[in-house]
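Reader: I would like a close look at one part of this model, set out carefully enough that I can follow each contact in the viewer. Please begin with a single residue and then widen the view.

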Amino acid sequence: VRSLIDKLPGQPVTFKDLHFNKNISGYHDIDEFLERSFDTTSTYGVFHLNIASLTKHYEELSVLMKLLKYPFKIIGISETRLTKDMNESMNLELEEYFSIDTRTLTNAGGTRLYVHNSLKNDVKVRHDLSSNIENGFESIFVEIVQNRRKSIICGCIYKHPSLSYEAFSEECLMKILPQLAREDKLVTIMGDFNINLLDYDACTGSMNFYDMAASHNLQPLIYQPSRVTPRSQTLIDNIFTNNIKYNTISGNLTCSISDHFAQFAVFTDYNLKTKRTKERPVYGRSFKLFHDNEFLEELSTIEWSLLFENEKDPNVLITTLIDKITEILNVMAPIRKLSKKDQLLKQKPWITRPILQSMHTRDRLLKQCMKEKDQHKKVETHSKYKTLRNSIVNMIRKSKIEYFKEYFLKHRSNLRKTRDGIK
């Protein structure tokens, strides 16, 4: 896979030529990301994804954030397709985050930032940098204010494919980049710019885009294609920064929610001063090895008449019954500390283990497609991946409908439970 490093003109370019610090960029699947074991206390991480409809892929995004087990400080979402007059009938908030967005004036586009709750008292929206133009672009920016060190400006931009580079430069870049260059702050700009940096040596727009960013002290952290099909590889999604001090690890996550990879960048030696909240362990029953039939069989072997013999007090009878069932459950479904995945299954019970396994298979197929050199096999694998990707969206939607149908039927006479289900 060719990268941006290969496309820049002149002598062979090394990472040191692009950054005074060290940046490592590459592809990561979820397991490879987890192997990095980023320290949450000494790093600053950002994440971007062109989601191609937030309402359609919100559940998958929520699952992905849980599986990555890393609290990105800012999550940027492009092409949310949330319009100004759209009422959010469903909850689109991520756990432990609050959101700020610039809505689209059309049926495509739109940008949103999810900001970690630990920054709630330190963040202000930069309205002077946030804007939108119909069929043009959307941008949303925030500033993380810090005492005794540089503040951070972070933004997300989406450029519509129909907007020319010249118009994008005039209406967006020339209004944002000079302003950022004048401020002595750490800048990270992420987004889908719909400008292929791999065409640097062949396309004037790509060359001008890169050169304009570089002239304002911004360098890309993603070097490999961010959108790959059997017939094309393009680097249109990126994360730019003016950082020359802190080491970074960045790249594309080969987990497939839309037809774009997700991008991340972690400043590995940047200690963001935030109020830390100690994460409390969550405990619950593990039903991983639990089987209904075995449980019922165990209950059937109990001599209930002997157990309740000579006891007339209903309170004692109920306590005895509960204690006996709890005794069996403690063996068949013991209480233990729940993993992030178990917590996810508990919080979103419609995201079942078979659905999670299908997501894993989907991501594995995409990775296999990227590595395949035979064009015929590549097209065949990509077709399987695309079919499964679309199937997962339908599986989640159907599972969620069935879950709430059963939930409301079960609690139809319980007003409080019904209200909780609506929330």
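Leaving aside its neighbours within four places in sequence, which residues is Lys-185 in contact with?

Author: The model is a predicted one, and the mean pLDDT of its chain is 84, with 88% of the residues reaching 70 or more. Over residues 10-20, however, the pLDDT is below 50, although this stretch still has 18 contacts in the model beyond near neighbours in sequence.

Lys-185 is found in the loop between α5 (165-182) and β10 (186-192). Once the neighbours within four places in sequence are set aside, Lys-185 is in contact with Arg-126, Glu-143, Lys-150, Ser-151, Ile-153 and Asn-242. For one of these partners, Asn-242, there is also a backbone distance to consider: the C-alpha atoms of Lys-185 and Asn-242 are separated by 8.6 Å, while the two residues stand 57 residues apart along the chain.

Turning from this loop to the helices, α12 (residues 375-410) takes part in two packings that can be described in turn. With α11 (residues 353-371), helix α12 packs at an angle of about 160 degrees, the axes being 9 Å apart; an angle over 145 degrees counts as roughly antiparallel, and α11 and α12 are therefore roughly antiparallel to each other. Their crossing is left-handed. On the side of α11 the contact includes Ile-355, Met-359, Leu-365 and Leu-366, and on the side of α12 it includes Tyr-385, Leu-388, Ile-392 and Ile-396. The residues of this contact between α11 and α12 divide into 11 nonpolar, 6 polar and 4 charged.

The other packing brings in α4, whose axis comes within 10 Å of that of α12, the two crossing at roughly 85 degrees, which makes α4 roughly perpendicular to α12. Here Lys-56, His-57, Glu-59 and Glu-60 of α4 meet Ile-392, Val-393, Ile-396, Arg-397 and Lys-400 of α12. The residues of the contact of α4 with α12 divide into 3 nonpolar, 1 polar and 5 charged.

Beyond the helix packing, a search of the whole structure finds 17 aromatic pairs. In one of them, Phe-33 and Tyr-70, the ring centres are 6.2 Å apart and the planes lie at 75 degrees, so the pair is edge-to-face. This pair links distant parts of the chain, with Phe-33 in helix α3 (residues 30-35) and Tyr-70, 37 residues apart from it, in the loop between α4 (54-68) and β3 (74-78).

Conventions. Residues are numbered from 1 along each chain as its sequence is written. This is a predicted model: local features need pLDDT of at least 70, side-chain atom pairs count only at pLDDT 80 or more; totals for chains, interfaces and linings use all residues. Side-chain values use heavy atoms; hydrogens and water are left out. Axes are lines fitted to C-alpha atoms, for helices over the stretch in contact, and angles run from 0 to 180 degrees between N-to-C directions. Helices (H or I, at least four residues) and strands (E, at least two) are DSSP runs, numbered from the N terminus. Angles under 35 degrees count as roughly parallel, over 145 as roughly antiparallel, 65 to 115 as roughly perpendicular and the rest as oblique. A crossing is left-handed if the near helix is turned anticlockwise from the far one by less than a right angle, and right-handed if clockwise. Contact means heavy atoms within 4.5 Å. Ala, Val, Leu, Ile, Met, Phe, Trp, Tyr, Cys and Pro count as nonpolar, Asp, Glu, Lys and Arg as charged, and the others, Gly among them, as polar. pLDDT is the predictor's confidence in each residue, from 0 to 100. Rings of Phe, Tyr and Trp (its six-membered ring) pair if their centres lie within 6.5 Å; planes under 30 degrees apart count as stacked, over 60 as edge-to-face and the rest as tilted.
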